[in-house]
Amino acid sequence: MAFQYDLHENPNPNGNNKKRYHARPASNGTMSAEQLIEHMSKHNGLSKAVNSSILMTLHEVLVERLSEGENINIPGLGNLQATLSCPE
């Protein structure tokens, strides 16, 4: 399956008529945790219970390490880091 994307026009602060665009990934929906666990089971042959435990452990470890100020790099997936936000 090919990677799908949409093109979006960039703002033009120079005021000239030159248009520039950038690509953004096009979402094909959102997979739930249960769907992810089922998909993992089909790929690795492990039970849904085992894959659920793996996912829960991953979540716990990520939250623990991120809350302690560490960034996490998962090759092929991305970089994770804690962020802050303030309500308006």
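Tutor: Before we look at this predicted model, keep in mind that a helix axis here is a line fitted to C-alpha atoms over the stretch in contact, and that angles between axes run from 0 to 180 degrees between N-to-C directions.

Student: How do you describe the way helix 1 and helix 2 come together?

Tutor: Two packed helices are described by the angle between their axes and the distance between the axes. For helix 1, residues 33–44, and helix 2, residues 48–67, the axes come within 9 Å and cross at roughly 120°.

Student: Why is helix 1 called oblique to helix 2?

Tutor: Angles from 65 to 115 degrees count as roughly perpendicular and those over 145 as roughly antiparallel, while the value of roughly 120° falls in neither range, so helix 1 is oblique to helix 2. As for its handedness, the crossing of helix 1 past helix 2 is right-handed.

Student: Which residues make the contact between the two helices?

Tutor: From helix 1 come Ala-33, Glu-34, Leu-36, Ile-37, Glu-38, Met-40, Ser-41 and Asn-44, and these meet Lys-48, Asn-51, Ser-52 and Leu-55 of helix 2. Sorted by character, the residues of this contact are five nonpolar, four polar and three charged.

Student: What makes Asn-51 count as buried?

Tutor: Asn-51, which belongs to helix 2, has a relative accessibility of 0%, and buried means under 20%, so Asn-51 is buried. Leaving out residues up to four places away in sequence, Asn-51 touches Ile-37, Met-40, Ser-41, Asn-44 and Leu-46.

Student: How do you know that the side chains of Asn-51 and Asn-44 are joined by a polar contact?

Tutor: The polar contact between these two side chains is 2.8 Å, and the cut-off for such a pair of N or O atoms is within 3.5 Å, so the value of 2.8 Å satisfies the distance limit.

Student: Is Ser-41 called buried or exposed, and why?

Tutor: Ser-41, a residue of helix 1, has a relative accessible area of 13%, which is under 20%, and therefore Ser-41 is called buried. Apart from residues up to four places away in sequence, Ser-41 touches Leu-46, Ser-47, Lys-48 and Asn-51.

Student: Why is Leu-46 given the label it has for accessibility?

Tutor: Leu-46 sits in the loop between helix 1 and helix 2, and its relative accessibility of 37% lies between the limits of 20% and 50%, so Leu-46 counts as partly exposed. Beyond its neighbours within four places in sequence, Leu-46 is in contact with Ser-41, Asn-51 and Ile-54.

Student: What makes Leu-58 partly exposed?

Tutor: Leu-58, which lies in helix 2, has a relative accessibility of 41%, and because that value falls between 20% and 50%, Leu-58 is partly exposed.

Student: Why is Asp-6 called partly exposed?

Tutor: Asp-6 lies in strand 1, residues 5–9, and its relative accessible area of 38% is between 20% and 50%, so Asp-6 is partly exposed. Its contacts, not counting residues up to four places away in sequence, are His-22, Ala-23, Arg-24 and Ala-26, and the C-alpha atoms of Asp-6 and Asn-44 are separated by 32 Å.

Note on methods:
Residues are numbered from 1 along each chain as its sequence is written. This is a predicted model: local features need pLDDT of at least 70, side-chain atom pairs count only at pLDDT 80 or more; totals for chains, interfaces and linings use all residues. Side-chain values use heavy atoms; hydrogens and water are left out. Helices (H or I, at least four residues) and strands (E, at least two) are DSSP runs, numbered from the N terminus. Angles under 35 degrees count as roughly parallel, over 145 as roughly antiparallel, 65 to 115 as roughly perpendicular and the rest as oblique. A crossing is left-handed if the near helix is turned anticlockwise from the far one by less than a right angle, and right-handed if clockwise. Contact means heavy atoms within 4.5 Å. Ala, Val, Leu, Ile, Met, Phe, Trp, Tyr, Cys and Pro count as nonpolar, Asp, Glu, Lys and Arg as charged, and the others, Gly among them, as polar. Buried means under 20% relative accessible area, exposed over 50%, partly exposed in between (1.4 Å probe, protein chains only). A polar contact is a pair of N or O atoms within 3.5 Å; within protein, one must be able to donate a hydrogen and the other to accept it, and residues adjacent in sequence count only if both atoms are side-chain atoms.
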